[in-house]
Amino acid sequence: MIIKKFQGSTEEEAILAARDEMGNDAVIMNIRTTKKKGLFTFRKKSIVEVTAALEEKEMISPAREQPLEEIAGNTPASVVEKEVFADRLNNIQSLLEQQMKEKLTKETIAEAPKEPVEEEENENIRFLKLIYQQLINNEVEEQYANQIISEVEKHLKKEASLDNVLSAVYQKIILKLGEPDEFIADEDKKKIFFFIGPTGVGKTTTIAKLASDMKLVKKAKIALLTADTYRVAAVEQLRTYASILDIPLDVIYSDEDLRDGIERLKECDLIFVDTAGRSHKNEEQCNELFHLIETVDEIDGFEKEICLVLSVTTKFRDLEKICDTYSKLGSYRIIFTKLDETSALGNILNIAILTEGKISYTTYGQNVPDDINLIDVQSIAKSLLGGVG
Ligand SMILES: Nc1nc2c(ncn2[C@@H]2O[C@H](COP(=O)(O)OP(=O)(O)OP(=O)(O)O)[C@@H](O)[C@H]2O)c(=O)[nH]1
Ligand SMILES: [Mg+2]
């Protein structure tokens, strides 16, 4: 399925733009009115954005080869936030109905009509394949898309409705994405967070966003340390944020400096440590970082947490290797950055399944402190299924 957004100053104009490019078969999935972000928004005119979908000819590819005889249970649709999801459901259904109508017309000419029971089974199979293709289009890895689809198949009754099928997939994705893992400030449980990850993924920017939230919203006593002394500008970048937020910042050059820094900051509830970006392929640099982080076990009073920062735009094969390299440090939380730079969020689900890890936050822009959220698993699941998210 091809999904595209079109804009216009009126609804008609936006729909016309969609039909112009995608033709009359395009299904209008969503219409919303927005104002452009930025300064002087009050002067900006509203724009209407429509989301249109077009079924590709070869949209359905097999999710699995074996038949669906194992369909057994059922999943109550009521568990899903039906209201929010209903729009999307209708759109997926309308695509399927359209496709089935075309096929039935051909079959009426060519073959004798099938048994109604077979037709019902067929409908669910076709619908699951449609969902499978949607996940693949959003860059969910084939193995994980298959895993989700077959797990759902196993627990569906033969008479399950399309609503049941879709809600079962939706819930399965939410389960795989896991519970959001929020940072909390607790003076009885002091914590030191090391932010690690590849170069340029947004570690320093994310620290500034989170530090602002911890200080201004959660009223935590927070301090920053930076071990990134490789780039001249790196310390200055963090110093600027620290001074705006009025929180202490120390620079550390060695393991000893780290211990001294923590000792000086022992009145704080939270310490965020910025580190220099590392290529997971550079063993020497990674070992140096691992050594620094291991130092903290010797320091009393602060529980250590590792925060692996990953960009959602990185190729899955590389993300896999990065996660493997950092697994030497034990368990870690994940923060995904740059969601604004892609519309295919499959990597979030891929990594959640691969690491069975805890994903804490997602970031979606360069603005400090605004462009960060606790991971919104419902919105990501909707987006992976082709909804607006
Ligand atoms: N579009 C987008 N850009 C981001 C986001 N987060 C950070 N950036 C930008 O990414 C660039 C690198 O950000 P940094 O915070 O310096 O990244 P880093 O991981 O600390 O980089 P190194 O310390 O050099 O490894 C900057 O231009 C940021 O503004 C995001 O969520 N979306
Ligand atoms: Mg940095």
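User: Which residues of α11 are buried?

Analyst: In this helix, G346, N347, I348, L349, N350, I351, A352 and I353 are buried. The word means under 20% relative accessible area, with exposed being over 50% and partly exposed in between (1.4 Å probe, protein chains only). Please keep in mind that this is a predicted model, in which local features need pLDDT of at least 70, side-chain atom pairs count only at pLDDT 80 or more, and totals for chains, interfaces and linings use all residues, while side-chain values use heavy atoms and leave out hydrogens and water. Residues are numbered from 1 along each chain as its sequence is written, with chains lettered from A and ligands numbered from 1 in the order in which they are written.

User: Why is helix α11 described as largely enclosed by the rest of the structure?

Analyst: Helix α11 covers residues 346-355, and 8 of its 10 residues are buried, so the description fits. Just after α11, E356 has a positive phi of about 45°.

User: How many helices and strands are there in the chain?

Analyst: The chain has 12 helices and 11 strands. Both are DSSP runs numbered from the N terminus: H or I over at least four residues for a helix, E over at least two for a strand. Of the 389 residues of the chain, 49% count as buried.

User: Why does T206 count as buried?

Analyst: T206 has 1% relative accessibility, so it falls under the limit for a buried residue. T206 sits in helix α6, residues 203-217.

User: Which residues does T206 touch, not counting residues up to four places away in sequence?

Analyst: Its partners are I335, T337, T363 and I372; contact means heavy atoms within 4.5 Å. The C-alpha atoms of T206 and Y361 are 9.4 Å apart, although their positions lie 155 residues apart along the chain. Over the whole chain, 76% of the contacts with a separation of 6 or more join residues 24 or more positions apart.

User: What makes T337 a buried residue?

Analyst: The relative accessible area of T337 is 1%, which means that it is buried. T337 belongs to strand β9, residues 333-337. Setting aside residues up to four places away in sequence, T337 touches V201, T206, V309, L310, S311, V312 and T363. A polar atom of the T337 side chain also lies 2.7 Å from the backbone oxygen of V201. That pair is a polar contact, meaning N or O atoms within 3.5 Å; within protein, one must be able to donate a hydrogen and the other to accept it, and residues adjacent in sequence count only if both atoms are side-chain atoms.

User: Which residues are the closest to ligand 1?

Analyst: They are K203, T204, T205, D340 and T363, out of 18 that surround ligand 1; a residue is near if one of its heavy atoms lies within 4 Å.

User: Where do polar atoms of D340 and E341 meet ligand 1?

Analyst: A polar side-chain atom of D340 is 2.7 Å from a nitrogen atom of ligand 1. For E341, a side-chain N or O atom is 3.0 Å from a nitrogen atom of the ligand. V201 takes part through its backbone, with a polar atom 3.2 Å from an oxygen atom of ligand 1.

User: Why is E139 called partly exposed, and K219 exposed?

Analyst: E139 has a relative accessible area of 47%, so it is partly exposed. K219 has 65% relative accessibility and therefore counts as exposed. E139 lies in the loop between α3 (116-137) and α4 (142-154), and K219 in the loop between α6 and β5 (222-226). Neither is a glycine, yet phi is positive in each: about 70° for E139 and near 55° for K219.

User: And K172: buried or exposed?

Analyst: K172 is buried, because its relative accessible area is 19%. K172 is in helix α5, residues 162-177, and its contacts beyond four places in sequence are I148, E151 and V152.

User: Where is P369, and what is the peptide bond from V368 to P369?

Analyst: P369 is in the loop between β10 (358-363) and β11 (372-374). The bond from V368 to P369 is cis, with omega near 5°.
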